[in-house]
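User: Hi! Could you walk me through this one? I'd like to start with the helices and then poke around the side chains.

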Amino acid sequence: MSQSEIERFIADLKSDEALRTELSEKATGVAAVVEFANHNGYDITADEARAYMKEQIGQDLSDDELEALAGGTGTEA
C-alpha cells in the first residue's frame, strides 16, 4: 500500500490552497480524487485510497483531512 503517498498528498493539500481549490473543483468521488492525484504526480490507486479512508474511520479527523480524503464532495459507491 502506498500509504506514504496518500499521506504526502494530504499534507500537500493542507499546505497548498491552489491544489486544494483545483481538487475541489474536479473531485466527484474517490476515482476522481485518485485521477487528480495521479495527474499531479502522486502514485495512488483507488483501492489504496479506500483502504486508507477505512483505516481512518473511528479516528478523529479534522475538517481539512475529511475534505482531502473525500475531495470535499463525498465518496463514490
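Analyst: Happy to. A yardstick comes in handy here: the expected span of a helix is 1.5 Å times one less than its number of residues. Keep in mind that this is a predicted model.

User: Great, so what span should helix 1 have, and how far apart are its end C-alpha atoms?

Analyst: Helix 1 has 13 residues, so at 1.5 Å a residue it should span 18 Å. Its end C-alpha atoms are 18 Å apart, which agrees.

User: Which residues of helix 1 are buried?

Analyst: Glu5, Ile6, Phe9, Ile10 and Leu13 are buried there. They cover an arc of only 135° around the axis, so they sit on the same side of helix 1.

User: And what is exposed on the other side of helix 1?

Analyst: Ser4 and Ser15 are exposed on that other side.

User: Glu5 caught my eye in that buried list. What does its side chain meet in a salt bridge?

Analyst: The partner is Arg8, with an N to O distance of 3.0 Å. Both residues belong to helix 1 and are three residues apart, about one turn of the helix.

User: Why does Glu5 count as buried, and is Arg8 buried or partly exposed?

Analyst: Buried means under 20% relative accessible area, and Glu5 counts as buried because its relative accessibility is 17%. Arg8 is partly exposed, at 35%.

User: How many salt bridges are there in the whole structure?

Analyst: A search finds three. Besides the Glu5 and Arg8 bridge, Lys26 forms one with Glu22, where the closest N and O atoms are 3.2 Å apart. There is also one between the side chains of Arg50 and Asp47, at 3.9 Å from N to O.

User: Where do Lys26 and Glu22 lie?

Analyst: They are both in helix 2, four residues apart, again about one turn of the helix. Lys26 is partly exposed at 49% relative accessible area, and Glu22 is partly exposed too, at 28%.

User: What about Arg50 and Asp47, how are they placed in helix 4?

Analyst: Arg50 and Asp47 are three residues apart in helix 4, so about one helical turn separates them. Arg50 counts as partly exposed at 28%, while Asp47 is exposed at 59%.

User: Is there a general reason for that kind of spacing? Why do residues three or four places apart point the same way?

Analyst: An α-helix has 3.6 residues a turn, so residues at that spacing point the same way.

User: Switching topic: how many aromatic pairs does the structure hold?

Analyst: Two. In one of them, the rings of Phe9 and Phe36 have centres 6.4 Å apart and planes at 50°, so that pair is tilted. Phe9 lies in helix 1 and Phe36 in helix 3, so the pair ties together parts that are 27 residues apart in sequence.

User: Are Phe9 and Phe36 buried or exposed?

Analyst: Phe9 is buried, at 4% relative accessibility. Phe36 is buried as well, with a relative accessible area of 4%. Together with Tyr42, they form one aromatic cluster.

User: Last one: which residues touch the most other members of the largest nonpolar core?

Analyst: Phe9 turns up again, along with Leu23, Tyr42 and Ile44, in a core of 17 residues. Helices 1, 2, 3 and 4 each supply at least two residues of this core. Helix 3 gives the most, with five residues.

Technical notes. Residues are numbered from 1 along each chain as its sequence is written. This is a predicted model: local features need pLDDT of at least 70, side-chain atom pairs count only at pLDDT 80 or more; totals for chains, interfaces and linings use all residues. Side-chain values use heavy atoms; hydrogens and water are left out. Rings of Phe, Tyr and Trp (its six-membered ring) pair if their centres lie within 6.5 Å; planes under 30 degrees apart count as stacked, over 60 as edge-to-face and the rest as tilted. Buried means under 20% relative accessible area, exposed over 50%, partly exposed in between (1.4 Å probe, protein chains only). A nonpolar core is a set of buried Ala, Val, Leu, Ile, Met, Phe, Trp, Tyr and Cys residues joined through side-chain atoms within 4.5 Å. The arc is that of the directions from the helix axis to the C-beta atoms. A salt bridge is a side-chain nitrogen of Lys or Arg within 4 Å of a carboxyl oxygen of Asp or Glu.
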